[in-house]
Amino acid sequence: MVAVSPPAKVLVTGANGYLAVWVVKKYLEAGYAVRGTVRSLTKSAFLKDRFSHYGDRFELVVVEDITKDGAFDEAVKGVDAIAHTASPFHFKATDPDELIVPAVRGTTSILNSILKHGTAVKRLVLTSSIVAVLEQTTTPRVFNETSWNNSAVEAVKAKGSAVGPATIYFASKTLAEKAAWDFVATHKSEISWDLVAINPPYVFGPSLTPALTVDDINTSQRDVYDTLSGARTSAQLRNQGNWVHVAVAAEAHVRATHVAAAGGERIIVTSGPFFYQDLLDAAAELGIPNVPRGEPGSTKGTQILVNVEANKAKELLGLTSATPLKDLVEESVKDFKERGYPGFTA
Ligand code: NDP
C-alpha cells in the first residue's frame, strides 16, 4: 500500500461527468495534477475554462470508446493514480448490454492498459456505487462493505431486459466492481498498485457544469429537481433512499488516493437515509416559496428498509460530518434559480 500524494498526476476518466467535475476540482485543490479523459472535446470545452487557472496542472485527452481494447493505453502513461468514474448512469436502458458492456468493458479495458503501460500507477480508485452493495428489499435489512448485490446480477441473467432499467444499472455496477477485484486477484503478482472502490449512494448537490438545461441534469440531481419542482406523486414522496453530497463523494476519491491504508478496501460514503418528502419538508422549513409541501408527516413511523453500516469513510478517510439535507435543498434551489429552471425563477 502506497500513498499517492500531491503533486502526483491523477487520471480521471469521464472527466466531464457530474461527479467527475467535482472529483477533478477536489484533486486540483489538493495540489494534484489531473489528466481527464473525455469522449468529446467540444462537449467538454467548459472544463478548460473552469480549470484554466491551474495552467498545465490540468489537461484533457480524448478516449472515444472506453470499451475498446487499448483505449486507455496512452492515457495511463505517466500517471501515478487513476480515478475511473466513466460509466453510464441512467434508468432508461432497455437492453442490459447498453449499461453492462460499457461499465464492465470500460473497467477491464483500463485495467489492461494499466497492466501494459501504467508503470507509474500506484493506486486505482474505482467509482462503484452502493447499488453494488445493497439489494432491493421490502423488509428492513442491514448492509455493509462486505455485502454484494448478487440478486440484481442473477435477475438480469434470468430475465434479461424484463428486469427493468434500474436493475440493469445495479447489475452493471456490481459486475464492473467485481471485474476489478477479480482482475486484481488474478494479476496479484504482476501489479504494483492497489484498488479502492468508492461506493456512494445517490449523489446530490449542484452541478459544476455551466449551461446545463433541465434535460441535461444527471440522473441523481434530476431527482432533486423533480422532487422540489413538484413532479412527484404521493407514493413517490414516500420512497426512501440513501444519499451523499457530491462534494463529499468527490473528496472521498481524493482521500482514497492519498491514504495508504485505503488500498484494497471498499468504502461506502453516505450521509444516511432520506425520504423524498424530507426534501419538501426541508424547503418548507427554509421558507422557500413555490416549492410544494407534499404530505408532511406521511413518512412518520415508516421503517427504514436499507440500513447501512459503514465506518471506513470515517475511520480510514476521516470523513466525519454528514451534510444536513437542509443545506442540500438550499444549495440546489439557489442553483436551479441561477440557471433559471422552470419553477425556480429568481
Ligand atoms: P454522468 O452521466 O454525469 O457522467 C457519466 C460519465 O461517464 C460521463 O463522462 C460520460 O461521458 C461517461 N460515460 C457514460 N457512458 C459512457 C460510455 N458508454 N462510454 C464512455 N463514457 C461514458 O454520471 P454521474 O456523474 O452521476 O456518475 C459518474 C459515476 O458515478 C458513474 O460511474 C456512476 O455509476 C457513479 N455513481 C453515481 C451516483 C450518482 O448518484 N450520481 C451514485 C453512485 C455512483 P459522456 O458525457 O460523453 O456521455
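**Backbone outliers, buried positions and the ligand shell**

Asn290 sits in the loop between α9 and β12 (306–308). Helices (H or I, at least four residues) and strands (E, at least two) are DSSP runs, numbered from the N terminus. The model is a predicted one, in which local features need pLDDT of at least 70 and side-chain atom pairs count only at pLDDT 80 or more, whereas totals for chains, interfaces and linings use all residues. Residues are numbered from 1 along each chain as its sequence is written, and side-chain values use heavy atoms, with hydrogens and water left out.

The phi of Asn290 is positive, at about 70°, although Asn290 is not a glycine. Asn290 is exposed, with a relative accessible area of 70%. Here, exposed means over 50% relative accessible area, buried means under 20%, and partly exposed lies in between (1.4 Å probe, protein chains only). Ala211 is another non-glycine residue with a positive phi, of about 50°. This alanine belongs to the loop between β8 and α6. Ala211 counts as exposed because its relative accessibility is 80%. A further backbone feature lies in the segment before β1, where Pro7 is found. The Pro6 to Pro7 peptide bond is cis, with omega near 10°. For context, most residues other than glycine have a negative phi, and most peptide bonds are trans.

Helix α9 spans residues 276–286. Its buried residues are Tyr276, Gln277, Leu279, Leu280, Ala282 and Ala283. These buried residues pack against five elements: β8, α6 (219–228), α7 (234–237), β11 (272–275) and α11 (325–338). Contact means heavy atoms within 4.5 Å. Gly287 follows just after α9 and takes a positive phi of about 70°.

Several single positions were examined in turn. Thr13 belongs to strand β1 (residues 9–13). With 0% relative accessibility, Thr13 counts as buried. Setting aside residues up to four places away in sequence, Thr13 touches Ala20, Thr37, Phe72, Ala83, His84, Thr85, Ala86 and Ile110. Glu177 is placed in helix α5. Glu177 is likewise classed as buried, because its relative accessibility is 1%. Beyond its neighbours within four places in sequence, Glu177 contacts Leu126, Ser128, Ala132, Trp148, Ala197, Asn199 and Arg266.

Val259 lies in the loop between α8 (246–258) and β10 (266–268). Its relative accessible area is 17%, so Val259 is buried. Val259 touches Arg123, Leu316 and Leu317, with residues up to four places away in sequence not counted. From Val259 to Leu212, the C-alpha to C-alpha distance is 34 Å, and the separation in sequence is 47 residues. Ala158, in helix α4 (residues 150–159), counts as exposed at 65% relative accessibility. The C-alpha atoms of Ala158 and Gly340 are 45 Å apart, and the two residues are 182 apart in sequence.

The ligand has 25 residues around it. Asn16, Arg39, Lys43, Tyr169 and Val203 come nearest. A residue is near a molecule or strand if one of its heavy atoms lies within 4 Å of it. By class, the shell holds twelve nonpolar, ten polar and three charged residues. Ala, Val, Leu, Ile, Met, Phe, Trp, Tyr, Cys and Pro count as nonpolar, Asp, Glu, Lys and Arg as charged, and the others, Gly among them, as polar. A backbone N or O atom of Tyr18 lies 2.9 Å from an oxygen atom of the ligand. For Leu19, the distance from a backbone N or O atom to a ligand oxygen is also 2.9 Å. A polar backbone atom of Thr85 is 2.8 Å from an oxygen atom of the ligand. On its own, the ligand has 880 Å² of accessible area, and the protein covers 87% of this. The elements giving two or more residues to the shell are α1 (18–30), α5 (165–186) and β8 (202–204).

An unreviewed UniProt entry annotates residues 11–277 as "domain: 3-beta hydroxysteroid dehydrogenase/isomerase". Such annotations may be inferred rather than shown by experiment. The end C-alpha atoms of residues 11–277 lie 38 Å apart. This span is 38% helix and 18% strand.

Conventions. Polar contact = N/O pair within 3.5 Å; in protein donor to acceptor, adjacent residues only side chain to side chain. Areas by Shrake-Rupley, 256 points an atom, 1.4 Å probe, with all protein chains shown as cover.
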